[in-house]
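The following paragraphs lead through the structure shown below, beginning with aromatic residues and ending with charged ones. Please keep the coordinates in view while reading.

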Amino acid sequence: IGRAVTGLGAPRVINRRCLADVTPFSLRTTASVVFGLATALGAAFGPGISIVIDRIDEFQFKLPLLGDQFFNPMTGPGYFMCVNWIIYAATICFFFKEPKRTGLEELKRRETGQMDADSKKESLLDSVTSSSASKQKIILHDVETKNSLSADSSYCEEDGGSLACDSLEFSASHDEEIDDEPEEKESCCSCFKHLTRPVLICMTLVFFKRVALESIVGASPIVTKNRYGWSIEDVGALQVVNGLIIIPACLVAGYLSTKYEDRLMALCFLSVTLIGMVIMFDLSDLMNYHTSVTYNEYFMLSTGPFSYVTGSLIAFIGVEVCESFTASMMSKVVPSKMAKGTFNAGLLETLVGTGGRAMGDLFVTVMGLISIRNLLNLLILPGMGLVASSIIMILWNYELLGV
């Protein structure tokens, strides 16, 4: 129950939406990279704190209304984060001020400018294609006007001008009917009609990335324990290294974001992720060369601890940095009607990412039930397919993702 309530209080959706609404397009990717840098610091700090708390001897203390409490490796992280969240909540209440949503305003201006440009192109094309036909229509119109004027003048003299009055009344009533037409009301599910193809592509990229990340990082305690006999401290140290090494990678990505587009950088870092996963793949398991219940330690093509750690670090860098560019790209391609509503870029990215993480955890469980001995390949091979599919998807829709 405590973990569920903690998850409900996570401000990731609000942070992502605030990031998209208050930053201009020129700084959106850099801000997203800084957000990823803060996430990486937390990812490195968390396992490090767990290692420190695990070395503290259990002790007892009292809390008002709650009585005796125990601080140990199981309850210690909860108490530590409780203090941090109290400090964070107090800081928000006293020092946070709602910023101006310059990013959302820029998105609206860009959409208006694009619509005006499209209408100008259409009008120019129509004027060019119908130039010859319009000249003929003008000549025919002049001839018909002369004939109608001569006929109408004689008829109006005989009928007392009733024809002119009737035509004016009809024109006025027709205009009133047009003005009285009711406006179309949006339904509660109208947000789905604003899901454009670029938005769906970005959502798919986020989902695939999350599933692949769980195959790399989420399964590392199980894989390293069964293949290499690692302890909890060893796995925690690997997570700390993962978090620390992502910091310079985010700094480099922040610099590159000022020179290159999001779609190109996402493509590059997905390629980095694919390279890391290829390094982690164990070819010896495909040859039925099983010398032990762990891994083929003395076989040249086997994936030992060094190859696993190297490939894991490379793949983790690629997938984490790519998240910044994907999130920035989604916030730029989402329509303004969705950006100012409930289903904004932050909510969509969080929902799809959470769904991908849950699907990744389920996938790890199913693959573990199939074979613990071959779990690494059972996870890495589908993950490589998802990353390769993401690369192909970006290349196929490269023009649509240009923002």
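Is Phe59 buried, partly exposed or exposed? The structure is a predicted model, and in it Phe59 has a relative accessibility of 39%, so it counts as partly exposed. The limits that matter here are under 20% for buried and over 50% for exposed, with partly exposed in between. By the same reasoning, Phe61 is partly exposed because its relative accessible area is 23%.

These two residues also belong to the aromatic contacts of the model. A pair of aromatic rings is described by the distance of the centres and the angle of the planes. A search of the whole structure yields 9 aromatic pairs. In the pair of Phe59 and Phe61, the ring centres are 6.1 Å apart and the planes stand at 45°, so the pair is tilted. That assignment follows because planes under 30 degrees apart count as stacked and those over 60 as edge-to-face, with the rest being tilted. Ring pairs further join Phe59, Phe61, Phe71 and Tyr79 into a cluster.

Attention now turns to the surface. A nonpolar patch there consists of Met81, Trp85, Tyr88, Ile92 and Phe96, which together have about 470 Å² of accessible area. One of these residues, Trp85, lies in helix H4, which covers residues 76-95. With a relative accessibility of 40%, Trp85 counts as partly exposed.

The charged side chains come next. The structure holds 6 salt bridges. Among them is the bridge between the side chains of Arg210 and Glu323, with an N to O distance of 3.1 Å. Arg210 lies in helix H8 (residues 197-218) and Glu323 in helix H12, so this pair ties together parts that are 113 residues apart in sequence. Both Arg210 and Glu323 are buried. Salt bridges also link Lys209, Arg210 and Glu323 in a network.

Helix H8 takes part in a further contact of this kind. The side chains of Glu214 and Arg357 meet in a salt bridge at 3.8 Å, N to O. This pair likewise links distant parts of the chain, with Glu214 in helix H8 and Arg357 in helix H14 (residues 345-370), 143 residues apart. The two partners fall into separate burial classes: Glu214 is buried because its relative accessible area is 10%, whereas Arg357, at 39% relative accessibility, counts as partly exposed.

Another salt bridge joins Arg263 and Glu261, whose closest N and O atoms are 2.4 Å apart. Arg263 is buried, with a relative accessible area of 11%, while Glu261 is partly exposed at 34%.

Helix H12 (residues 305-333) also contains Lys332. The side chain of Lys332 makes a polar contact of 3.1 Å with the side chain of Asp262. Since its relative accessibility is 10%, Lys332 counts as buried.

The final element is helix H15, residues 375-396. At 1.5 Å a residue, its 22 residues should span 32 Å, and the end C-alpha atoms are 32 Å apart, which agrees with that expectation. The expected span is 1.5 Å times one less than the number of residues. Buried positions in H15 include Leu375, Leu379, Ile380, Met384, Val387, Ile391 and Ile394. Asn377, Gly383 and Ser390 of H15 are buried as well.

Definitions and conventions:
Residues are numbered from 1 along each chain as its sequence is written. This is a predicted model: local features need pLDDT of at least 70, side-chain atom pairs count only at pLDDT 80 or more; totals for chains, interfaces and linings use all residues. Side-chain values use heavy atoms; hydrogens and water are left out. Patches are made of residues with over 30% relative accessible area and no salt bridge: like charges are joined within 9 Å, nonpolar side chains (Val, Leu, Ile, Met, Phe, Trp, Tyr) within 5 Å. Accessible areas come from the Shrake-Rupley method with a 1.4 Å probe; for residues, only the protein chains shown count as cover. A salt bridge is a side-chain nitrogen of Lys or Arg within 4 Å of a carboxyl oxygen of Asp or Glu. Helices (H or I, at least four residues) and strands (E, at least two) are DSSP runs, numbered from the N terminus. Buried means under 20% relative accessible area, exposed over 50%, partly exposed in between (1.4 Å probe, protein chains only). Rings of Phe, Tyr and Trp (its six-membered ring) pair if their centres lie within 6.5 Å; planes under 30 degrees apart count as stacked, over 60 as edge-to-face and the rest as tilted. A polar contact is a pair of N or O atoms within 3.5 Å; within protein, one must be able to donate a hydrogen and the other to accept it, and residues adjacent in sequence count only if both atoms are side-chain atoms.
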